[in-house]
Amino acid sequence: MKNSKISVIIPVYNGEEFLEDCLNSVLNNTYKNIEIIVINDGSTDKTSEILKKYQNYNFKIIEQENSGVSQARNTGLKTATGDYIMFLDADDIINNDYLESLIKTLHKNKLDIIKSSYGNFKITTKNIELISYFKDNYYEIKHDDIDNIFINTTKLNSSCMQLIDINLIKNYQIYFSENIGFGEDFIFTYTLFKKAKRIGYLNNNGYLCRINNQSASRTGKIKKQIKNSIDCINAYQILVNKHNVYKVYKKILLHINYLIRNIEIKNITFETYKRELSILFNSVEWEKLKKVSINFKEIPFKNRLFCQLIYNEKYEKIWFFTKIYALLKK
């Protein structure tokens, strides 16, 4: 374990507010054989100035034109010289013993990947919501269960909260899809899981995700959210087989419900909204979803009505409830 190097890859775009918290949390880890790779993805704020403070540490700082998080992560992968890879978002932090805990568990159980639980915390409070999928402190994921796990939960989708053997990535040339805006994390992690021989899951909430309700991932411009909805359908095709088509498309509909519900509707007219929404409803991807008959009683109650409206393409009512939802978020 002492000889294993961990490459921590941190893509950042306009991260001045929380970047130092993130970087210091890595530097303060008890496990010291680490390589910290920060990819500044064309930031226009003070990110570059902050990174200059860390030039004397064991950092690799890469400046590039804004190309998106997937391309930035791929840059980090191609730069990494570590035995293991961990991705960390620039507004998140890790506890002091997080890396050591993961690598000990990985080596002890001879794993290709160790995935962990995590905690969510809002920028306005210190209260942490613990997010876990398995109840046991340690659980080894069986290969035959991988598809059902990814159908039943999104808690394992993230490329963060895990240590990955670099040989798994290099041998199978597994990188992030750079031409999609939604689902790239899922495709990357799912592909890794399918190729790995042994995968472990550790209930260690040492990875802390900062929740910001105003972030771009939660609220988006209409063109972006419509494209993301189409990307979502395409991304989850990797899971579809003759036995699980219904479950996968029900999951996709829930994702699209989330994306459309979070469209920024300020300063756009209903005509614009309808025109953009029709791009989704007229797409070949949407036709695939509509071929599956959804039992809406199986949709969680809080999402049921909006999912029905989207599935039945009720433009006016979707518009109305999107406005209501935007007011409730304020």
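## Exercises on a predicted model

D41 stands opposite Q64 in β3. Keep that pair in view as you start, and remember that this is a predicted model.

### Exercise 1: a strand, a helix, a strand

**Task.** Find the strand that pairs with β3, work out which way the two run, and state which handedness the β-α-β unit has.

**Solution.**
- Step 1. Look at residues 34-41, strand β2, and residues 59-64, strand β3: 6 bridges join them.
- Step 2. Compare their directions: β2 and β3 run parallel.
- Step 3. Add helix α2, residues 47-52: together with β2 and β3 this helix makes a β-α-β unit, and the unit is right-handed.

### Exercise 2: an open sheet

**Task.** Give the order of the 4 strands in the open sheet, then name its edge strands.

**Solution.**
- Step 1. Reading across the sheet, the order is β5-β12-β7-β8, with mixed pairing.
- Step 2. An edge strand pairs on one side only, and here that describes β5 (93-94) and β8 (128-131).
- Step 3. Now zoom in on β5: 2 bridges connect this strand to β12 (residues 207-211), and the two run antiparallel.
- Step 4. For a landmark, find I94, which stands opposite Y207 in β12.

### Exercise 3: two positive phi angles

**Task.** M161 and N267 both sit in loops. For each residue, give the phi angle and decide whether the residue is buried or exposed.

**Solution.**
- Step 1. M161 is not a glycine, yet its phi is positive, about 60°.
- Step 2. This residue M161 lies in the loop between α5 (146-152) and β10 (162-165).
- Step 3. M161 counts as buried because its relative accessibility is 4%, and the cut-off for buried is under 20%.
- Step 4. N267 is not a glycine either, and has a positive phi of about 70°.
- Step 5. Its loop runs between α9 (245-261) and α10 (270-281).
- Step 6. With a relative accessible area of 75%, N267 is exposed, as the cut-off for exposed is over 50%.

### Exercise 4: the buried side of two helices

**Task.** List the buried residues of α4 and of α3, and say what helps to cover those of α3.

**Solution.**
- Step 1. In α4 (residues 98-108), the buried residues are Y98, L99, S101, L102, I103, T105 and L106.
- Step 2. To read such a list, recall that an α-helix has 3.6 residues a turn, so residues three or four places apart point the same way.
- Step 3. Just past the helix, K110 follows α4 and has a positive phi, near 55°.
- Step 4. In α3 (residues 69-79), the buried residues are S70, A72, R73, N74, T75, G76 and L77.
- Step 5. The cover over them includes β1 (6-12), β2, β3, β4 (84-87), α6 (166-172) and α7 (184-195).

### Exercise 5: into the core

**Task.** Which residues have the most contacts inside the largest nonpolar core, and what does T322 touch?

**Solution.**
- Step 1. The largest nonpolar core has 105 residues, and I10 and I260 have the most contacts inside it.
- Step 2. Helix α9 gives this core its largest share, 7 residues.
- Step 3. Beyond four places in sequence, I10 touches C22, L23, V26, I36, I37, V38, I39, L88, D89 and A90.
- Step 4. Turn to T322 in helix α13 (residues 315-329): its relative accessibility is 0%, so T322 counts as buried.
- Step 5. A polar atom of the T322 side chain lies 2.7 Å from the backbone oxygen of I318.
- Step 6. Leaving aside neighbours within four places, T322 is in contact with I260, R261, I263, I265, Y273 and F306.

Conventions. Residues numbered from 1 in each chain as written. Predicted model: local features only at pLDDT ≥ 70, side-chain atom pairs only at ≥ 80, totals over all residues. Heavy atoms only, no water. Pairing = 2+ DSSP bridges. Right-handed = clockwise from strand over helix to strand, strands pointing away. Buried < 20%, exposed > 50% of the residue type's maximum accessible area, 1.4 Å probe, protein only. Core = buried A, V, L, I, M, F, W, Y, C linked by side-chain atoms within 4.5 Å. Contact = heavy atoms within 4.5 Å. Polar contact = N/O pair within 3.5 Å; in protein donor to acceptor, adjacent residues only side chain to side chain.
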